[in-house]
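These exercises are worked through one step at a time. Try each task on the structure before reading its solution.

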Amino acid sequence: ASGPVMLELRDVHTYYGQIHALKGLNMTVNQGEIVALIGGNGAGKTTTLRTISGMMKPKHGQVVYEGQSIGGVPAHTILGRGMSHVPEGRRIFPQLSVRENLEVGAYTVTDRAVVEQRIEEGFALFPRLKERETQLGGTMSGGEQQMLAIARALMVNPRLLLLDEPSMGLSPLFVEAIFDIVEKLNRERGTTILLVEQNASMALGIAHRAYVLQTGEIRLSGPAADIARDESVRKAYLGDE
Ligand code: ATP
């Protein structure tokens, strides 16, 4: 079930100095969808998320979120408008406890009771975090840190969640668990999700629609089931011979 357009990229170009990383991206994410962005190393997936969440400014083109142009708007302002980004490599605070990491995630939430309620919701979603409430973030396993990173991003109760490679470096069991949670968030809370993944088969398994990115350009887009059947995608990203 997908609603109106929530996010739209119109001819977005992003650079790192002279490096032209995104070369005219056009994409939409509708309210209520899970959209997967797949592609090989260096295709520009991370750069796309950074450009959407305000960590990078597009040199050309528009990022429109809930009807407003946000290209160049600072990341904390965008966060305040209900968009949360779980960056690549998790980036939790290693010296803070699980609970403190969650509290930091809620720094824009001023009502203490709301913060407590969201922490409890995070613990309900990830019971393992509750068991480890006082453990230092840096001493948790990779999969646990990924759970913490997602739970922290949820502290602002986002309407749009950007997830960068949540499966990276995780054992198959953790990958399953993370993808189950992502699906559940979408189904039960209606959270809209833009998911970047190297693990294309898992991502296409839970997504409604997908975009295939190659050297900064969209090569293919459509319903996830169609993309998963596409021969070129199967060869390049799904390990088919
Ligand atoms: P991966 O799956 O390997 O993480 P990706 O699809 O997320 O790749 P990006 O990280 O967005 O790709 O990189 C897109 C392009 O921009 C690549 O050519 C990369 O080398 C370049 N790039 C990324 N970060 C920087 C940076 N900080 N400085 C210069 N170039 C960068």
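**Exercise 1.** In which loop is the place of Glu33? Work out also whether Glu33 is buried or exposed, and list its contacts beyond the neighbours in sequence.

Solution. Note at the start that the model is predicted.

Step 1. Glu33 sits in the loop between strand 2 (19-30) and strand 3 (34-38).

Step 2. The relative accessibility of Glu33 is 4%. Buried means under 20%, so Glu33 counts as buried.

Step 3. With neighbours within four places in sequence left aside, Glu33 has contacts with Ser2, Asn186, Thr191, Thr192, Ile193, His208 and Arg209.

Step 4. One of these residues, Arg209, also has a side chain joined to that of Glu33 by a polar contact of 2.7 Å.

**Exercise 2.** Where is Thr191 placed, and which residues does Thr191 contact outside its neighbours within four places in sequence?

Solution.

Step 1. The loop between helix 7 and strand 8 (192-197) holds Thr191.

Step 2. Thr191 has a relative accessible area of 5% and is therefore buried.

Step 3. Outside the neighbours within four places, the contacts of Thr191 are Glu33, Pro158, Arg159, Leu161, Leu185 and Asn186. Asn186 is also among the contacts of Glu33.

**Exercise 3.** Describe how helix 3 (residues 98-105) and helix 4 are placed relative to each other, then locate Phe123 in this arrangement.

Solution.

Step 1. Two packed helices are described by the angle between their axes and the distance between the axes. For helix 3 and helix 4, the axes come within 10 Å and cross at roughly 125°.

Step 2. The two helices are therefore oblique to each other. Helix 3 passes helix 4 in a right-handed crossing.

Step 3. On the side of helix 3, the residues that meet helix 4 are Val98, Arg99, Leu102 and Glu103; on the side of helix 4 they are Arg112, Glu116, Ile119, Glu120 and Phe123. Sorted by class, this contact has four nonpolar, no polar and five charged residues.

Step 4. Phe123 belongs to helix 4 (residues 112-125). Its relative accessible area is 3%, so Phe123 is buried.

Step 5. Not counting residues up to four places away in sequence, Phe123 touches Val98, Arg99 and Leu102, and also Leu129, Lys130 and Glu133.

Step 6. Asp111 and Phe123 are twelve residues apart in sequence, and their C-alpha atoms are 19 Å apart in space.

**Exercise 4.** At what angle do helix 6 (residues 142-153) and helix 7 (residues 172-189) pack, and which residues make the contact?

Solution.

Step 1. The angle is about 15°, and the axes are 10 Å apart. Angles under 35 degrees count as roughly parallel, so helix 6 is roughly parallel to helix 7.

Step 2. The crossing of helix 6 with helix 7 is right-handed.

Step 3. Helix 6 contributes Gly143, Glu144, Gln146, Met147 and Ile150, while helix 7 contributes Phe174, Ala177 and Ile178. By class, these are five nonpolar, two polar and one charged residues.

**Exercise 5.** What is the value of phi for Asn157 and for Thr215, and where do these residues lie?

Solution.

Step 1. Asn157 lies in the loop between helix 6 and strand 7 (160-164). Its phi is near 50°, a positive value in a residue other than glycine.

Step 2. Thr215 lies in the loop between strand 9 (209-214) and strand 10 (217-223). Here phi is near 40°, also positive in a residue other than glycine.

Step 3. Asn157 counts as partly exposed at 41% relative accessibility, and Thr215 counts as partly exposed at 46%.

Key: Residues are numbered from 1 along each chain as its sequence is written. This is a predicted model: local features need pLDDT of at least 70, side-chain atom pairs count only at pLDDT 80 or more; totals for chains, interfaces and linings use all residues. Side-chain values use heavy atoms; hydrogens and water are left out. Helices (H or I, at least four residues) and strands (E, at least two) are DSSP runs, numbered from the N terminus. Buried means under 20% relative accessible area, exposed over 50%, partly exposed in between (1.4 Å probe, protein chains only). Contact means heavy atoms within 4.5 Å. Axes are lines fitted to C-alpha atoms, for helices over the stretch in contact, and angles run from 0 to 180 degrees between N-to-C directions. Angles under 35 degrees count as roughly parallel, over 145 as roughly antiparallel, 65 to 115 as roughly perpendicular and the rest as oblique. A crossing is left-handed if the near helix is turned anticlockwise from the far one by less than a right angle, and right-handed if clockwise. Ala, Val, Leu, Ile, Met, Phe, Trp, Tyr, Cys and Pro count as nonpolar, Asp, Glu, Lys and Arg as charged, and the others, Gly among them, as polar. A polar contact is a pair of N or O atoms within 3.5 Å; within protein, one must be able to donate a hydrogen and the other to accept it, and residues adjacent in sequence count only if both atoms are side-chain atoms.
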